[in-house]
Amino acid sequence: MGAHEKSQGNANSMQRVKVYRLNEDGKWDDQGTGHVAVDYLERSEEMALFVFDEEDNETLLLHRISPDDIYRKQEDTIISWRDSEYSTELALSFQENTGCSYIWDNICNVQRSMHFSSLNNETFHTMNSELRELPAVELSTLPIILKTVTESGLADQMRLTELILNDQDFFQKLMELFRICEDLENIDGLHMIFKIIKGIILLNSPQIFEKIFGDELIMDIIGSLEYDPDVSQVQHYRNFLKEHIVFKEAIVIKNPMVLSKIHQTYRVGYLKDVVLSRVLDEATVASLNSIIHSNNATVISLLKDDSTFIQELFASLRSPTTSSESKKNLVYFLHEFCSLSKSLQMVQQLRLFRDLMNEGIFDIITDALQSQDKKLVLTGHPHNVLESGPKPSAPLCCSPGRNSTFRTFGTCFIRVCW
């Protein structure tokens, strides 16, 4: 699958960029707005930057990533370079800092792989010939798969990622094998699967993350990470997520995509902050934070475009039958909703705040300021509701056994009960 196809399913604010080209007069010409991706060129092992127009999905930019030191990162949101094919300076201006950092890390990773390849060309070709295909996922082949995942050098990791993605059933088969090993109490097999999954996560591939963090696989993936051979006792992450977490909505959310993104955000944050907190490198942590940030932006966008959602929210806030506790949770939700709306484009933010004012948000603020609850008064302050900066995109997580209240996205309040 090429970047053109994949970009259609991954278009979000994190990847949104403007393309600029330096003209002969020394001024930057706007070439259009689109979504950026790093992917293989068709029928090639070369990596490139693609930008696809956000309106018609046509290619705005195709740039082969160079091993030379031509790229510059400026002001946290701009990547520029001298492009030999276009014989001019080009620049990408990102909507969000996280998107710029994510693409910059991808460019740096590709360059490191290219340098490694050029310095170790003979070794690279030997390794690459050994990675023409992955062995079948069976109990007897786990040692070979583990060796392939954990001993691949930088240059060969992209090939390994490609092979894993091309095998549509790889993760399903690996998780089936995990369940079999768990049923048979095959500890050696479970330890190997732990190391395989950890190694694959450290490949830091957005396409792999898209697969393993989906609703179908995520709980088995977390389950496989309970069997860390370096930890004396088996962990119980799934039990914690299934039995000690009660999903409580401040207001009913009917969109299944929104609910899926909310749950995924919590689980990815839990995996990052608890399950693999001591083994993840900075680049992988940044990628997981980007997923969380992107999910929050998607949730906000979907809820904003729901014609009945805001009306139902304010109807509940105004209703005399809504309990004081429920109203308090609704105010907290409204606060986080406004905070996370900072991920929207400015025009969309203004439209959203206009809709909130038309629904009577200032009446809600007035009621909150008259509350005896000091926390609620602080939350209801107009500065905090309409002008607050973005909240941390990741949920605050702790290990099982610590009493705490968890909130992922503001639309849900998840309380640990044990």
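This report looks at a central strand, some unusual backbone angles and a cavity in a predicted model.

**Strand E7 and its neighbours**

Strand E7 covers residues 88-94. Five of its seven residues are buried, so the strand is largely enclosed by the rest of the structure. E7 pairs with strand E1, residues 16-22. The two run antiparallel, and five bridges join them. Within this pairing, lysine 18 of the chain stands opposite serine 93 in E7.

E7 also pairs with strand E6, residues 78-83. This pairing is antiparallel too, and it spans six bridges. Here arginine 82 has glutamate 89, in E7, as its bridge partner. E6 and E7 form a hairpin, with four residues between the two strands. Serine 87 sits in that turn and has a positive phi of about 55°.

In a regular strand, side chains alternate between the two faces of the sheet.

**Positive phi angles**

Most residues other than glycine have a negative phi. Serine 87, in the hairpin turn, has a positive one. Two further residues with positive phi lie in loops, and the table sets them out.

| Residue | Phi | Loop | Relative accessibility |
|---|---|---|---|
| Asparagine 57 | near 65° | between strand E3 (47-53) and strand E4 (59-64) | 19% |
| Glutamate 185 | about 55° | between helix H6 (170-183) and helix H7 (187-201) | 63% |

Is asparagine 57 buried or exposed? Its relative accessible area is 19%. Buried means under 20%, so asparagine 57 is buried. Glutamate 185 counts as exposed, at 63% relative accessibility. The cut-off for exposed is over 50%. The loop of asparagine 57 links two strands, E3 and E4. The loop of glutamate 185 lies between two helices, H6 and H7.

**A cavity**

How many cavities of 30 Å³ or more does a search of the whole structure find? It finds two. The second largest holds about 50 Å³ of space. Val252, Ile253, Lys254 and Asn255 are among the residues that line this second largest cavity. Leu303, Asp306, Phe309 and Glu312 also belong to the lining. By type, the lining of the second largest cavity divides into four nonpolar residues, one polar and three charged.

Terms used
Residues numbered from 1 in each chain as written. Predicted model: local features only at pLDDT ≥ 70, side-chain atom pairs only at ≥ 80, totals over all residues. Heavy atoms only, no water. Buried < 20%, exposed > 50% of the residue type's maximum accessible area, 1.4 Å probe, protein only. Pairing = 2+ DSSP bridges. 1 Å grid on protein atoms, 1.4 Å probe; cavity = no way out; pocket = protein on both sides within 12 Å on 5 of 7 lines; lining within 4 Å. Points joined across faces, edges and corners; volume = space filled by probe spheres on them. Nonpolar A, V, L, I, M, F, W, Y, C, P; charged D, E, K, R; others polar.
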